[in-house]
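Trainee: Got a minute to go through this chain with me? I'd like to start with the packing and then jump around.
Mentor: Sure, bring it up and ask away.

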Amino acid sequence: FTWLLGGLYLRAPAVLVTLIPPASPTAAVPDSTATPLPAPTPAPGQSRDNPVPFGTSAHLGGGLSLVIVGVVRSADELVSRAARGNPPPAAGQEYVQVELRVSCNQSMSVRCSASSYNFKAVGTDGLVRDAEWAIVLIEGQFESGDLFGGGVRTGKLFFAVDIGDAGVVLFYDSFSLFDRPVFFSLLPTP
């Protein structure tokens, strides 16, 4: 077709549209000899079943990396000796002390943030446990805060977990929509 634009006649090219009818449906014949492919194993840290091995550093997102450097289980006596006011674990539970090292892997002018609220423990029952904030007067407890590139923050966190639950793992949750939790084994490898 043709139209007038500012005294000029413009002509649009013709467009040819060809419709292709759908193919006739055919029944797929299952291949009885095909072997299903196994599901890929997630990389260490991406699942509770395959946590980052004890003592191994892993990236957390936001420029941070973490390594578990020590675990004490049961830490009940250590907690009760530190301060009379430290609460005992609930019946059927024990304290586990997790010593960790968090590093900011950014340039020297970029700030990272590490908070004890980002660290959680989860056992075989699937219940998420926060770090115990009421435990006090233990030397070297982890302190939340900011650090710049090259900075390292170390410290101890305590979690109340079920007695004898060997499936407890630590995980870091950045609370970001773009990062997934990173899981860490609390069992030293032989």
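Trainee: Which residues is L66 in contact with, leaving aside its neighbours within four places in sequence?
Mentor: This is a predicted model, so keep that in mind throughout. In it, L66 is in contact with T56, S57, A58, L60, L100, R101, V102, F119, L170 and F184, once neighbours within four places in sequence are left aside.

Trainee: And what other core lies apart from that one, and how many residues does it have?
Mentor: Let me take the big picture in order. The largest nonpolar core has 28 residues. L66 is one of those with the most contacts inside it, along with I68, L100, F119, F159, L170 and F184.

Trainee: Which strands supply at least two residues each of this core?
Mentor: They are β3, β4, β5, β6, β7, β10, β11 and β12. β5 gives the most, with five residues. As for your earlier question, another core lies apart from it, of seven residues. Y95, I135, F158 and A160 are among them.

Trainee: Back up a bit. How many helices and strands does the chain have?
Mentor: One helix and twelve strands. Along the sequence the pattern reads β-β-β-β-α-β-β-β-β-β-β-β-β.

Trainee: What share of the chain counts as buried?
Mentor: 34% of the 190 residues.

Trainee: And what share of the contacts join residues at least 24 apart?
Mentor: 68%, among contacts between residues at least 6 apart in sequence.

Trainee: Serines next. Where is S103, and is it buried or exposed?
Mentor: S103 sits in strand β5, residues 93-104. Its relative accessible area is 15%, so it is buried. The cut-off for buried is under 20%.

Trainee: What does S103 touch?
Mentor: G63, L64, S65, L147, G151 and V152, not counting residues up to four places away in sequence.

Trainee: Where is S47?
Mentor: S47 is in the loop between β2 (8-11) and β3 (58-61). S47 is buried because its relative accessible area is 17%.

Trainee: Which backbone atom does the side chain of S47 reach?
Mentor: The backbone nitrogen of N50, at 3.1 Å. S47 also touches P42 and F183, with residues up to four places away in sequence not counted.

Trainee: What about S115, buried or exposed?
Mentor: Buried, because its relative accessibility is 16%. S115 is found in the loop between β6 and β7.

Trainee: Which residues is S115 in contact with?
Mentor: F142 and S144, leaving aside neighbours within four places in sequence. S115 and G145 are 30 residues apart in sequence, and their C-alpha atoms are 6.1 Å apart in space.

Trainee: Where does S80 lie?
Mentor: In helix α1, residues 76-82. S80 has 46% relative accessibility, so it counts as partly exposed.

Trainee: Which backbone oxygen lies 3.1 Å from a polar atom of the S80 side chain?
Mentor: The backbone oxygen of E77. There is a long-range pair to note as well. S80 and I135 are 55 residues apart along the chain, with their C-alpha atoms separated by 9.1 Å.

Trainee: New topic, pockets. How much space lies in the largest pocket?
Mentor: About 230 Å³. Of the 14 residues that line it, S116, A131, E132, W133 and L157 are the closest to its centre.

Trainee: Which element gives the largest share of the lining?
Mentor: β10, with three residues. β7 (119-122) and β10 (152-162) each supply at least two residues of the lining.

Trainee: What is the lining like by class?
Mentor: Eight nonpolar, two polar and four charged residues.

Trainee: Last one, backbone oddities. Which peptide bond is cis?
Mentor: The one from R73 to S74, with omega near 0°. S74 is found in the loop between β4 and α1. It stands out because most peptide bonds are trans.

Trainee: And what is phi of L137 near?
Mentor: Near 60°, a positive value in a residue other than glycine. Most residues other than glycine have a negative phi. L137 is found in the loop between β8 (128-130) and β9 (145-148). L137 is exposed because its relative accessible area is 65%.

How values were computed:
Residues are numbered from 1 along each chain as its sequence is written. This is a predicted model: local features need pLDDT of at least 70, side-chain atom pairs count only at pLDDT 80 or more; totals for chains, interfaces and linings use all residues. Side-chain values use heavy atoms; hydrogens and water are left out. Helices (H or I, at least four residues) and strands (E, at least two) are DSSP runs, numbered from the N terminus. Buried means under 20% relative accessible area, exposed over 50%, partly exposed in between (1.4 Å probe, protein chains only). Contact means heavy atoms within 4.5 Å. A polar contact is a pair of N or O atoms within 3.5 Å; within protein, one must be able to donate a hydrogen and the other to accept it, and residues adjacent in sequence count only if both atoms are side-chain atoms. On a 1 Å grid over the protein atoms alone, a cavity is a set of points where a 1.4 Å probe fits but cannot get out, and a pocket is an open set with protein on both sides within 12 Å along at least five of seven lines; lining residues have an atom within 4 Å of a point. Grid points are joined across faces, edges and corners, and a volume is the space filled by probe spheres set on the points. Ala, Val, Leu, Ile, Met, Phe, Trp, Tyr, Cys and Pro count as nonpolar, Asp, Glu, Lys and Arg as charged, and the others, Gly among them, as polar. A nonpolar core is a set of buried Ala, Val, Leu, Ile, Met, Phe, Trp, Tyr and Cys residues joined through side-chain atoms within 4.5 Å.
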